[in-house]
Amino acid sequence: MSEKSERLYEEIKRCDREIAQLLRTRMHCIEEITEYRRDHGLPILTPVPERRAPEALDVEDSPFGQEILRVFQEIHESGKRVQAKTLFDRNIFLIGFMGAGKSTISAALSRQLSLELIEMDAYIQEKEGMTISRIFDIHGEEYFRSCESDTLAELGKKDHALVSCGGGVPMREKNVEIMKKNGYVVLLSASPEAIYERVKDNTDRPLLNGHMNVSYIEELMEKRRPKYEHAADLIVDTTGKEVQEICEELLRKLCALQSERERK
Ligand code: S3P
């Protein structure tokens with residue numbers, strides 16, 4: 001290798017070491033801010049100043065501006081993961097009745113904490129190559145329930161994933177055992193009226209087709225309530241609340257649970 005290229009390779013190596021060192025410092029800062037916010041009861045998901053980063057970085061005129069911004073996007077995502085890892089140490093399983101808000105809340109949380117999101121119904125639909133309603137029609141409910149159990153067993157190996165479970169998942173004790181072994185089980189609840197409002201125009205839920213009314217929803221919810229509550233490590237009521245408010249409440253309760261477990 002020529003003397004010039006050797007020198008340049010050395011220079012690149014030095015840059016990498018410096019970048020790695022700076023990233024370590026940056027991640028420590030995020031860890032500390034997250035702990036501070038948690039310990040002082042401040043909102044954890046309030047957008048961090050990182051959102052202003054593109055301007056602050058002052059790279060617009062650089063020929064490498066686009067590349068640098070792309071790297072920073074990844075750095076921001078990794079910062080969110082550091083936040084998540086500071087707050088809790090396992091997967092999160094969101095359970096609750098149809099329309100309780102599992103999909104909405106899991107999408108918001110996974111975006112804000114850069115968590116891998118698994119929508120169980122979508123995962124099963126993809127694997128089986130047909131909609132949930134069609135699975136029920138062709139193979140029956142028991143078959144669908146076994147798909148749910150198989151999926152949970154597969155997902156058990158994940159780390160810091162967010163799993164949005166179908167509403168019937170906690171009905172099987174085996175499913176509850178798998179969830180509890182691999183993560184925190186968060187129950188989202190809502191009033192039957194709120195549920196009705198959220199699902200009334202939807203036809204993808206075979207269990208509600210032909211029974212789309214508040215009293216049927218209430219009856220089925222009551223039937224399921226003991227199993228939901230038995231499965232839950234914590235409960236968040238979503239009735240009349242904004243998405244962000246629910247995410248913050250969920251995290252606050254999760255942190256309390258995490259520190260309780262660490263004390264034991
Ligand atoms: C079901 C809930 C649905 C879906 C299926 C059965 C249930 O998921 O898994 O229609 O038994 O409660 P969502 O809770 O996401 O609607």
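**Ligand shell and salt bridges in a predicted model**

In this predicted model, the side chains of T238 and R198 make a polar contact at 3.2 Å.

Me: Is T238 buried or exposed?
Reply: T238 sits in the loop between β5 (234-237) and α11 (243-263). Its relative accessibility is 1%, and because a residue under 20% falls in the lowest class, T238 counts as buried.

Me: Which helix contributes the largest share of the shell around the ligand?
Reply: The ligand is surrounded by 14 residues, and the closest of them are K102, D121, R145, R205 and R224. By class, this shell holds five nonpolar, three polar and six charged residues. Its largest share, three residues, comes from residues 141-155, that is, from helix α7.

Me: What percentage of the area that the ligand exposes when taken alone does the protein bury?
Reply: Oxygen atoms of the ligand are approached by polar side-chain atoms of R145, at 2.6 Å, and of R205, also at 2.6 Å, while a polar backbone atom of G168 lies 3.3 Å from a ligand oxygen. Taken alone, the ligand exposes 380 Å², and the share of this area that the protein buries is 95%.

Me: How many residues apart in sequence are the parts that K127 and E154 tie together?
Reply: The side chains of K127 and E154 meet in a salt bridge, with 2.5 Å from N to O. K127 belongs to helix α5 (residues 120-128) and E154 to helix α7, so the pair ties together parts whose separation in sequence, in residues, is 27.

Me: Where does D233, the partner of K180, lie?
Reply: K180, which is partly exposed at 31% relative accessibility, forms a salt bridge with D233 through their side chains, at 3.1 Å from N to O. The pair links distant parts of the chain, 53 residues apart, with K180 in helix α8 (residues 173-182) and D233 in the loop between α10 (214-231) and β5.

Me: By about how many helical turns are R225 and E229 separated?
Reply: The side chains of R225 and E229 meet in a salt bridge at 3.5 Å, N to O. R225 is partly exposed at 38% relative accessibility, and E229 is likewise partly exposed at 40%. Because they are four residues apart in helix α10, their separation is about one helical turn.

Me: What accessible area do M1, Y9 and I12 have together?
Reply: I12 is found in helix α1 (residues 3-39) and, at 46% relative accessibility, counts as partly exposed. With M1 and Y9, I12 forms a nonpolar surface patch, whose combined accessible area is about 380 Å².

Technical notes:
Residues numbered from 1 in each chain as written. Predicted model: local features only at pLDDT ≥ 70, side-chain atom pairs only at ≥ 80, totals over all residues. Heavy atoms only, no water. Near = heavy atom within 4 Å. Polar contact = N/O pair within 3.5 Å; in protein donor to acceptor, adjacent residues only side chain to side chain. Areas by Shrake-Rupley, 256 points an atom, 1.4 Å probe, with all protein chains shown as cover. Helix = DSSP H or I, 4+ residues; strand = E, 2+ residues; numbered from the N terminus. Nonpolar A, V, L, I, M, F, W, Y, C, P; charged D, E, K, R; others polar. Patch = residues over 30% accessible without salt bridge, like charges linked within 9 Å, V, L, I, M, F, W, Y side chains within 5 Å. Salt bridge = Lys/Arg side-chain N within 4 Å of Asp/Glu carboxyl O. Buried < 20%, exposed > 50% of the residue type's maximum accessible area, 1.4 Å probe, protein only.
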